[in-house]
2 protein chains.
Amino acid sequence: MTVIDTKTEDRYPTRTSYGLELIERTDPTVWSNGCHDGPIDPATLASHDTKGYSIYEGLLSPAEVQAYWQELERLTNDESLKADERVIVEKSSNQVRSVFEVHKISELIAELVSDPRVLDRARQILGSEVYVHQSRVNYMPGFKGKGFYWHSDFETWHAEDGMPAPRAVSASIALTDNYPFNGGLMVMPGSQRTFVPCQGETPEDHYKASLKEQEFGVPNEDDITKLVAEHGIDQFTGPAGSTLFFDSNIMHGSGNNITPFPRSNIFVVFNSVENTLVEPFAAPTARPTFIGARDFTPVTR
Amino acid sequence: MTVIDTKTEDRYPTRTSYGLELIERTDPTVWSNGCHDGPIDPATLASHDTKGYSIYEGLLSPAEVQAYWQELERLTNDESLKADERVIVEKSSNQVRSVFEVHKISELIAELVSDPRVLDRARQILGSEVYVHQSRVNYMPGFKGKGFYWHSDFETWHAEDGMPAPRAVSASIALTDNYPFNGGLMVMPGSQRTFVPCQGETPEDHYKASLKEQEFGVPNEDDITKLVAEHGIDQFTGPAGSTLFFDSNIMHGSGNNITPFPRSNIFVVFNSVENTLVEPFAAPTARPTFIGARDFTPVTR
C-alpha cells in the first residue's frame, strides 16, 4: 500500500493546508452489540448515543474521592517524579499540573481503570474489549486555572496518534466539585456526529507545544458557530466523585477559572481493541507512547 | 484640614504599602428612608439589602433590546468616535470594546438613564436623588472575550475618584443573553458588607493601564478565599433585557468567554447626591471625568 492509497482511505481527513467541509461521521457512537452488557441502563445508553456523553453522579464514594485526592497530592508532591517526561510541571510555579500514564505510575489508579464501574461502562459503550490509550491526573489550581479552547480529541488522536476511527471513549472522574463557574468542561451535545477537519499541517514534535497551548488541530470559528447553533452547550457540573463518559469526537472546551475552587480529575481514555493505532494520519511521527499508547493489551479484572 | 486629618477620617483605607485587615462596612446597602418609593417590591428590596444585588428579568422589552443593540452597533462602527478618548479600542482588532460617558454621546441611552424603570430603582436603593458617576456600553466578542478578576468597584472609586462612601449602585442592562458559560458576571452575595483593602500604592495615571488590566486595587487570594467561603458565588444569567442592580462594594468578577456568544451590556453607575466626590483617597490625581463624573446634577425625567 502506498502513501497515496492510505490517504484515499482516510475517512477523517484533517491538518490539510487548505480548508475542508464538515464531515458527517459514519461510525456509531455506541457500539454495543449485545455482547457487552454493563452497568449503563438502556435509557442512559440511548442518551449517550444521542448526546455523545453521559454523567454518573457519585460513581466514586466520598471516601474514595478522598483516597484518590491523597494519591494525587502524593504524586504531585513527589520530587523524584518532576524530572519524568510524563509529568507536566508549570514553569512559573514549579507545580505539577498533569501526570500522564498515571495508571502505570500509581497502583491505586491502575485499580480504578480496571474497576467494573469504569471499565464495564467503557466496554459497554465501545462494544468490545478495551485498552488504555491515555491516562492522566490533572490538577488545575484556583484563581489562575487556564481553560482550553474547543477541540475534538479524536481529531488529534487520528492526526497525531494514528487512531483509525472514533471508537474511543474518555472517562473524566471529578476529584473536586464542578460548578458552572470554575472552568469545568463544556460539551456540544450531539457534535460527536460531525468530524471537523482542521486546517494547518502538523509540525514535527507538535505535542510538546500542544500540551501547553494547541495551535494545530484547532477548529475555525465558523465551524464552532455552526455546531453551537445546532447543538448548544452543556456543562459538566456535579459533586466530586461524579464521572463523565464522553465520546472521542465530541466538541468540547473550558473557560478559565478565577474562583478559589481548584479542579482536579482523573482522565482515562479507553480505545477499542478493534481500533488499534496505525501510523499517524496527519503528522510526521507518532507521539510518545505515554500520550498515545501502543500496547494494546485489553484491560481485565 | 491637613492631609493627616483626612487620612484619619477615612473609614475605607486602601492602596497602602502594607497589608490591612478586612473592614466591616458601617454604611447601609439599601438607604431607603420612605421618601423614595419606587418600583422595587419590599421582598426584592430586602433581598437586595442582604445579597447586595437584585435581578429584573425583562426590564427591557425585546423591541427595546433590539433598538439598543442597533445603537451599540452604530456607536462601535462610528469611525469618527475611534479617536475619542472615551472610546476604548482593542489594538489588535481595531474593534471598539467600550464607550464611556455614553449617556452624553447617545440620546437613546440618555433616555434610558432617566427612564423610571432604571432611575427610580436607583433612587429607591440609594434613598436620595442620584446622578451618573459613570456610564458605558461594553461589547465583548465571542471566542476571545477576556474576563476580569475579582474586585470591588467602590474600592477603585474611593481610592482613585474620591467617592466617600459606598452609596452608589450600578445597573448592568444585558443586550445579549447571559449564560453560565459565556463570561457573565459572578458576584459574591453579601460581600458588599465587607470592605477589602488592597495593598500597593496607586501610581500616576493608573487608569490608562487599569482599563485593560487591573494591577492595583486587586484583592489578595486569601481575602477572596475567605469571602467565597462565607458567601459563595452567584452568576448573573438571564435573557437579553434582564437588568442587574448591584452594590458598589460587592465583590465581583468574570471568566473569559470561548463560546461564540458575545456579551454586550449598558452599564450605568448611579451615585447619591449626598455622596459626591472629594479628592481621591489613595491616588495622586483624580481620574478623568468621563470615568468618574464631577458634574453632580441629579438625573430627572
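**Exercise 1. The interface**

How many residues does the contact take from chain A and from chain B?

*Solution.* This is a predicted model, in which local features need pLDDT of at least 70, side-chain atom pairs count only at pLDDT 80 or more, and totals for chains, interfaces and linings use all residues. Residues are numbered from 1 along each chain as its sequence is written, chains are lettered from A in the order in which they are written, and side-chain values use heavy atoms, with hydrogens and water left out.

Step 1. Contact means heavy atoms within 4.5 Å. By this criterion, 22 residues of chain A and 22 residues of chain B take part.

Step 2. Buried area is the accessible area (1.4 Å probe) that two parts lose on being put together, summed over both. Between chain A and chain B it is about 1,800 Å², and carbon and sulfur atoms give 71% of it.

Step 3. On the side of chain A, the residues that lose the most area are A:F143, A:F181 and A:I258, which together account for 33% of what that side buries.

**Exercise 2. The relation of the two copies**

Determine which rotation superposes chain A on chain B.

*Solution.* Step 1. Copies are superposed by least squares on the C-alpha atoms of residues with pLDDT of at least 70 in both. The result is a rotation of 180° with 0.0 Å of shift along its axis, at an RMSD of 0.0 Å.

Step 2. The two copies are therefore related as by a two-fold rotation axis.

Step 3. Of the interface residues of chain A, 100% are also interface residues in chain B, so the copies meet through the same surface.

**Exercise 3. An aromatic pair**

Classify the pair formed by the rings of A:F154 and A:F195.

*Solution.* Step 1. Rings of Phe, Tyr and Trp (its six-membered ring) pair if their centres lie within 6.5 Å; planes under 30 degrees apart count as stacked, over 60 as edge-to-face and the rest as tilted. The whole structure holds 22 aromatic pairs over all chains.

Step 2. For A:F154 and A:F195 the centres are 5.8 Å apart and the planes stand at 70°, so the pair is edge-to-face.

Step 3. Helices (H or I, at least four residues) and strands (E, at least two) are DSSP runs, numbered from the N terminus. A:F154 belongs to helix 7 (residues 153-161) of chain A and A:F195 to strand 9 (residues 194-195) of chain A, so that the pair links parts of the chain 41 residues apart.

Step 4. Buried means under 20% relative accessible area, exposed over 50%, and partly exposed in between (1.4 Å probe, protein chains only). A:F154 is buried at 0%, and A:F195 is likewise buried at 0%.

Step 5. A:Y12 joins A:F154 and A:F195 in one aromatic cluster.

**Exercise 4. The surroundings of A:S135**

Is A:S135 buried or exposed?

*Solution.* Step 1. A:S135 lies in strand 5 (residues 130-140) of chain A. Its relative accessible area is 1%, so A:S135 is buried.

Step 2. A polar contact is a pair of N or O atoms within 3.5 Å; within protein, one must be able to donate a hydrogen and the other to accept it, and residues adjacent in sequence count only if both atoms are side-chain atoms. Such a contact, of 2.7 Å, joins the side chains of A:S135 and A:H103.

Step 3. Not counting residues up to four places away in sequence, A:S135 touches several residues, including A:V99, A:F100 and A:F267.
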